[in-house]
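Me: Can you walk me through this model? I'd like the fold, the helix packing and the cysteines.

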Amino acid sequence: MISDPAEAPRESYEGHPGSGLLVVKSDIPQRLDGLPLSRWHLRVLLSLGVAWLLDGFLIAEMGLVGSFLQAEMGLSSVQVGALGTAYLCGCVTGSLLFGLLSDRYGRRKLFLSIPVVYLGASLGAAL
């Protein structure tokens, strides 16, 4: 909680000429830029970096598996393309769903539930 009014974020409101819109000007971005880099920031950066690498790995993996599916299972290029499309649609649907659920129930709870969901989906795919 901010006890000193001088430390409170400064905001100003003014109308945008001719549009009827209200423009908010704030010094919050400058204040955030001035904060020191902490251990928490580094943990978040590392977590996001690992997630980005794993996401890229999964997409590259689908490209490698495509040729195997054609050779070993006799799938056509169209069928392999449909599998890749289904994979990416599943990624987008899952991201949107978990984004909405994390807004509702909290990011920490949903983030901790992802390995359980992944394990269940992997076991289901193995059967």
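**Chat notes**

Reply: Let's start with one residue: serine 102 sits in helix α3. Helices (H or I, at least four residues) and strands (E, at least two) are DSSP runs, numbered from the N terminus.

Me: What should I know about where this comes from?

Reply: This is a predicted model, where local features need pLDDT of at least 70, side-chain atom pairs count only at pLDDT 80 or more, and totals for chains, interfaces and linings use all residues. Residues are numbered from 1 along each chain as its sequence is written, and side-chain values use heavy atoms, with hydrogens and water left out.

Me: OK, is serine 102 buried or exposed?

Reply: Serine 102 counts as buried, because its relative accessibility is 8%. Buried means under 20% relative accessible area, exposed over 50%, and partly exposed in between (1.4 Å probe, protein chains only).

Me: What is serine 102 in contact with, leaving aside neighbours within four places in sequence?

Reply: Arg107 and Leu110. Contact here means heavy atoms within 4.5 Å.

Me: And how do α3 and α4 pack?

Reply: Helix α3 (residues 77-105) and helix α4 (residues 107-126) pack at about 135°, and their axes are 7 Å apart. That makes α3 oblique to α4. Axes are lines fitted to C-alpha atoms, for helices over the stretch in contact, and angles run from 0 to 180 degrees between N-to-C directions. Under 35 degrees is roughly parallel, over 145 roughly antiparallel, 65 to 115 roughly perpendicular, and the rest oblique.

Me: Which residues meet there?

Reply: On the α3 side, they include Phe98, Leu101 and Tyr105. Among those in α4 are Leu110, Ile114 and Val117.

Me: Zooming out, what's the overall pattern?

Reply: Along the sequence the chain reads β-β-α-α-α-α, with four helices and two strands. Of its 127 residues, 6% count as buried. Residues 24 or more positions apart account for 10% of the contacts with a separation of 6 or more.

Me: New topic: how many disulfides?

Reply: Zero. A disulfide here is a pair of cysteine sulfur atoms within 2.5 Å. Cysteine 89 is in none, and its nearest cysteine sulfur, that of cysteine 91, is 9.3 Å away.

Me: Are those two cysteines buried or exposed?

Reply: Cysteine 89 counts as partly exposed at 45% relative accessibility. Cysteine 91 is partly exposed too, with a relative accessible area of 28%.
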